[in-house]
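Here is a friendly tour of a protein chain, from its outer surface to the empty spaces inside. Have a look at the model first.

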Amino acid sequence: MRNLICRCCVLLLLLSLVLSLFPLMGGLIQVRAANLSTDIYQLPSKTMNDAGTLYRQNMSYIIRTRNGKIIVIDGGYSTDNKDANYLISQLKSITGKEVPNVDAWFFSHNHADHVGAFKAIAARMPTALTVSAVYYRFPTDAEIDKYAPESDRESLKTSVRSFQNHVKLMKQANGQPTETVTVSARHVNRCKGSFNIDTVRVDVLLTCEETFWGCDNITTKYSGSLSTNGKSYSSQTIKQLVNADFGNSTSMVIRLTTMGQSAIFLGDASEPTGLVLRYFHEQNAANANKYFSLKSDICQMAHHGQNGVPKNVYTAINPKIALWPCPDWVYNPSSSSGLTTAYTKQWMSALGATNYVSKDGLKKISMNDLRTTTQPTIPEEMKPLLFDATYYGNKYPDVYKAFNGDPDLMYNHFLKYGIEEGRCASPYFDIRYYMSQNSPRMADYCKGDYEKGLEHFLKLAYDEGELAGGAKKLSPIFDCKYYYDNYPILKELGLNTEFLILQYFVQSGEAAGHKAAQEVVTLNGGIVYHPASPLAAVAPTCTAEGKTAGSCCAICGMILRAQSAVAPTGHTEVIDSALAPTCTATGLTQGKHCSVCNAVLLAQVTLPATGHSYSYSRLDALTHQASCQNCEDSTVEAHSYTEGFCLCGEPEVKEPIEDSSWKLNHSLNLASDISVNFLISKSLLEGFDLSTVYVESTVYGGEGANSLKLYPVENGDYYYFTLNGLTAVQMNDRISSVLHGSKQGQPYCSPTDEYSIATYAYSQLNNTARPTALKKLCADLLRYGAKAQIFKGYRTDSLADSAMTANNRSYLSDIEAVTFGSTDTVLNDVPDAPIVWVGKALNLESKVALKFVFDPAAYTGELSKLSLQVRYTDARGNAKLLILDEIELYNEEKNLYAFTVDALLAAELRAVVSVQIFDGSYPMASTLRYSPDTYGNNKKGALLDLCKALFAYSDSARAYFAG
């Protein structure tokens with residue numbers, strides 16, 4: 001009787017456990033980027049002068065992007081490793097990593113107070129951090145010879161080579177050498193002038209190459225005053241000014257743009273650098289393919305704030321924030337120092353800029369204007385082109401997991417957060433690619449505001465003038481102009497907007513094999529884009545090498561996909577087909593020859609005739625066909641049997657004889673499973689081959705018949721068969737059973753037997769000799785089965801308790817008096833326990849099973865040595881102790897494990913179970929006390945009715961077995 005209850009609750013509790021998880025999804029709707037800002041850290045100098053009285057001037061910046069990418073600009077001095085150690089410590093603090101990785105390290109120019117810290121790290125502690133790539137443009141030997149003072153040329157060349165040799169000492173996080181990128185100003189239309197580093201766009205506005213161009217092409221003679229230039233000079237050409245301050249004049253100028261803001265870094269840009277920068281600013285103002293404005297929100301003051309670029313450069317930049325990489329003696333110079341900081345400070349004051357000075361210690365400036373426009377609205381016809389739920393979920397597993405793959409919820413996330421974070425939701429439109437790979441004017445206009453960029457696209461996507469004015473690149477696989485120019489059908493169909501052309505490609509063109517963009521290969525994780533030009537493959541011959549296809553950058557010629565040598569093919573083999581011999585004719589073996597030179601590579605050999613070889617195939621119950629495998633000779637023959645089988649495999653079939661003396665008796669196995677036993681007297685099977693005896697049993701609604709094996713009853717006169725796996729909803733299901741067996745090759749069978757669990761319950765209820773406790777148990781069993789049917793919607797027209805009489809129902813427990821338990825607590829009786837309980841569940845499959853989940857993160861021993869001690873009181877009041885040592889992996893990602901306890905019987909569902917994990921005799925976790933009857937709390941409707949019926953039945957089972 002015990003097992004009847006265990007099986008009945010399986011599906012109910014499993015479903016309820018799953019349903020209880022759904023409220024947890026509510027807290028996962030806001031999936032955001034790792035950081036809500038891009039942060040600039042201005043590091044102070046940590047290097048003292050020779051006298052040890054003042055800090056030296058230096059320049060050192062760390063930028064952390066929204067998703068945790070790290071950019072470093074310069075870094076400071078090498079002396080005594082002070083700036084280097086401080087830089088490393090800040091990188092560790094910012095990244096939270098013991099060995100931080102710098103994704104991009106930019107160097108303004110080759111002066112010791114800018115590159116020294118990097119050289120110190122490379123030479124003395126190269127394993128303290130990893131560097132993906134360094135970016136710089138230092139003067140070449142030829143440029144030094146042409147523009148530098150003669151006395152400095154050799155030392156300048158040596159210094160550049162020294163820096164380049166130090167770069168070779170650094171490694172990327174994958175162990176490969178740090179990549180070196182020699183940059184170009186973006187307006188010269190080369191590949192390495194703009195970079196995408198996470199959500200930050202880096203534009204190189206000027207390098208020493210443009211400054212040297214100014215030396216040769218700008219003949220104007222300039223004069224300057226302290227109030228307008230920060231220095232006094234008269235009638236000087238740019239070349240003369242460069243020669244007088246060569247090192248600082250080679251400074252690179254870069255601008256970082258993200259989240260609607262921009263920051264310009266001038267390095268130690270000097271007077272001639274500023275003049276050339278201003279020249280290009282004015283020359284290119286109207287050119288959409290070149291930068292047109294120096295305006296930036298944040299400005300790093302040139303040359304530590306004194307003797308740098310002229311006032312009109314700062315006026316064009318017009319910053320809100322000024323970054324001063326300088327110590328106090330530079331920011332507040334003495335009257336005798338000759339420093340011109342006072343004038344620069346006046347300029348910033350007039351512009352209303354807020355000053356951040358490195359003399360005051362570490363400064364953090366956050367660029368965090370998340371949304372500068374309202375949440376965009378995407379037209380319905382545009383939505384399939386910009387959003388693909390499967391693509392979005394695959395690209396961003398965090399979003400997929402948070403919303404369980406729900407397309408509508410992921411689309412709402414894309415609108416609310418994804419766009420402003422620069423996420424890509426379609427292979428056809430990538431907002432970062434759109435903003436970085438089209439006109440630089442667009443990049444300056446949007447300033448890292450991806451919603452503004454999308455607004456820009458949506459506004460122009462329906463504009464017919466876009467095709468004539470320069471259709472846009474929307475993603476690495478879709479370049480509207482390239483597609484329009486290469487497929488005349490678009491003109492024939494009158495498709496005249498970016499939207500219509502993209503829509504055609506998605507709906508028809510892609511499936512037709514159209515190519516909508518040139519190959520784009522990324523460098524260093526997507527930082528630099530190179531338009532690819534194909535390198536044709538060379539086919540190998542029998543004796544000569546070939547080459548695979550490759551590609552190079554169409555602008556700079558950089559090899560993007562290297563060609564590999566293809567070994568000579570040797571002879572191209574062609575199979576000379578084999579000819580199978582027949583019964584009377586010879587055949588040939590398979591041969592080979594070269595299709596190029598016709599050389600015989602494998603000669604064919606003649607095979608002798610096979611003679612006849614027959615095979616047999618069944619035609620019907622009486623005949624088979626004997627066919628020669630080597631020719632068409634065949635004949636139809638009657639089956640002939642040897643040891644019960646014909647040559648064709650047809651078994652000799654004898655109709656079973658129904659033996660009415662074969663009567664099946666029944667009983668219910670009420671241990672730990674709900675099962676029906678079929679019994680037959682041993683005397684009735686005398687002379688039978690017991691290996692052929694089985695019961696074919698079919699349950700109403702089941703899939704096919706169950707074949708039940710024969711077992712002897714110990715010390716008894718019966719054999720028995722058992723049907724397992726019956727559940728609560730199947731109590732009223734008809735079980736049809738037939739006994740089969742063979743004696744001396746003749747099959748026998750019994751008449752069909754009909755039975756059910758309800759049949760058993762009613763037989764006990766209506767038997768006056770049965771005790772009241774058993775009748776109460778059977779009445780509660782039938783009601784529980786009926787409630788399970790109602791809850792599951794299973795055969796509700798034939799409920800298990802529908803045949804109960806008033807007398808039968810008088811034995812039912814008061815279901816409204818059923819209450820549920822509350823024991824679910826951890827005692828905390830093991831201080832500092834290394835194993836922590838993280839969950840438990842009531843699983844009802846073939847048995848009642850309790851699953852206890854734990855986290856062994858702090859446990860240092862071997863999991864195989866752990867055991868679970870389970871203590872509880874059974875239905876008869878006996879104390880029970882179970883010791884289990886089988887551990888299962890519960891959640892590999894979170895490193896969680898579990899023990900499963902399946903020994904509780906139905907009468908023990910209200911038992912309070914105490915569990916504790918041991919390593920030998922030592923407790924590893926605090927005691928967990930739990931009772932399965934807490935499951936019924938907070939249930940409603942049909943589920944509550946079912947829970948009450950279940951535990952009423954559990955209570956009557958406990959009362960029956962306890963008596």
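The accessible surface of the protein chain comes to about 43900 Å², and carbon and sulfur atoms account for 49% of that area. Please keep in mind that this is a predicted model. Of the 963 residues in the chain, 49% are buried.

The secondary structure adds up to 29 helices and 56 strands. With a radius of gyration of 43 Å, well over the 30 Å that the globule rule gives for 963 residues, the chain is more spread out than a compact globule. Its C-alpha trace spans about 130 × 90 × 60 Å along the principal axes. Among contacts between residues at least 6 apart in sequence, 64% join residues at least 24 apart.

Now for the interior. The structure holds five cavities of 30 Å³ or more, and two of them are set out here.

| Cavity | Volume | Lining by class |
|---|---|---|
| Largest | about 120 Å³ | four nonpolar, five polar, three charged residues |
| Second largest | about 70 Å³ | eight nonpolar, no polar, one charged residues |

Which elements each supply at least two residues of the lining of the largest cavity? They are β10 (200-206) and α19 (431-437), and α19 gives the most, with three residues. The residues lining this largest cavity include Asn-196, Asp-198, Arg-201, Thr-257, Arg-432, Met-435, Ser-436 and Tyr-450.

The second largest cavity is lined by Leu-386, Phe-414, Ile-419, Arg-423, Cys-424, Ala-425, Phe-429, Ile-431 and Leu-454.

Methods
Residues numbered from 1 in each chain as written. Predicted model: local features only at pLDDT ≥ 70, side-chain atom pairs only at ≥ 80, totals over all residues. Heavy atoms only, no water. 1 Å grid on protein atoms, 1.4 Å probe; cavity = no way out; pocket = protein on both sides within 12 Å on 5 of 7 lines; lining within 4 Å. Points joined across faces, edges and corners; volume = space filled by probe spheres on them. Helix = DSSP H or I, 4+ residues; strand = E, 2+ residues; numbered from the N terminus. Nonpolar A, V, L, I, M, F, W, Y, C, P; charged D, E, K, R; others polar. Rg over C-alpha atoms; globule rule 2.2 N^0.38 Å. Buried < 20%, exposed > 50% of the residue type's maximum accessible area, 1.4 Å probe, protein only. Contact = heavy atoms within 4.5 Å. Areas by Shrake-Rupley, 256 points an atom, 1.4 Å probe, with all protein chains shown as cover.
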